[in-house]
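Opening the notebook on the cysteines today. I want to see how they pair up and what surrounds them.

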Amino acid sequence: MTPIVLICAALVLSDGDSGRCVTEDGERHRIRLAGIDAGEAAPFTRCRNQPTIWACTTGRATANAARDRARQLAIYGARCTITDTDRYQRNVAVCTISGRDLGATLVSEGLAISETNYGDPYRGQENDARRNKKGVWQ
């Protein structure tokens with residue numbers, strides 16, 4: 001199967017791991033970054049249903065910082081390769097900016113964690129962030 005790649009003129013993130021890809025022709029695609037979990041930013045919809053998960057407890061401390069950093073990095077768009085669709089019908093994607101993996105960057109800066117339910121792809125970056133006391137690991 002050939003992967004689907006979205007070229008996002010804008011990648012507008014509502015929190016550190018999800019948002020919308022807006023293409024040059026104005027199409028909007030809901031995106032969930034593959035392999036990471038970032039803290040929930042307001043309005044905390046997910047936290048009403050799952051209040052004890054990492055994103056609603058420890059992760060909340062860096063939720064706004066993760067969202068702001070992701071927005072800063074993606075201000076001029078991104079290239080998102082769709083790997084799956086989640087239960088909310090969002091495109092699960094690995095998004096890169098100038099060849100740099102956005103998920104890996106957020107995890108390495110301690111603003112998100114490697115998602116163990118999805119293969120734990122950023123374990124090395126998370127371990128480095130913990131060891132260097134970055135972001136949520138301070």
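Looked up burial for Cys8 and Cys21: both are buried in this predicted model.

Next I checked the sulfurs. Cys8 and Cys21 are joined by a disulfide, S to S 2.1 Å. I read -110 degrees about the S-S bond, so this link is left-handed by its sign. Cys8 sits in strand E1 (residues 4–8) and Cys21 in strand E3 (residues 18–22), so the disulfide ties together parts 13 residues apart in sequence.

Then I went to the other pair. Cys80 and Cys95 also form a disulfide, with their sulfur atoms 2.1 Å apart. Here I get 110 degrees about the S-S bond, and the link is right-handed. Cys80 belongs to strand E6 (residues 78–85) and Cys95 to strand E7 (residues 91–97), so this pair ties together parts 15 residues apart in sequence. I find Cys80 buried, and Cys95 too. My tally of disulfides comes to two.

Back to E3, the strand that holds Cys21. I note that E3 is mostly covered, with four of its five residues buried.

What does E3 pair with? Strand E2 (residues 10–15) runs antiparallel to E3, and five bridges join them. I picked out Val12, whose bridge partner in E3 is Arg20. Two residues lie between E2 and E3 in their hairpin.

E3 also pairs with strand E4 (residues 28–33), antiparallel again, over five bridges. There I found Ser18 bridged to Arg32 in E4. This hairpin has five residues between its strands, and Gly26 in the turn shows a positive phi of about 90 degrees.

Definitions and conventions:
Residues numbered from 1 in each chain as written. Predicted model: local features only at pLDDT ≥ 70, side-chain atom pairs only at ≥ 80, totals over all residues. Heavy atoms only, no water. Disulfide = S-S within 2.5 Å. Buried < 20%, exposed > 50% of the residue type's maximum accessible area, 1.4 Å probe, protein only. Pairing = 2+ DSSP bridges.
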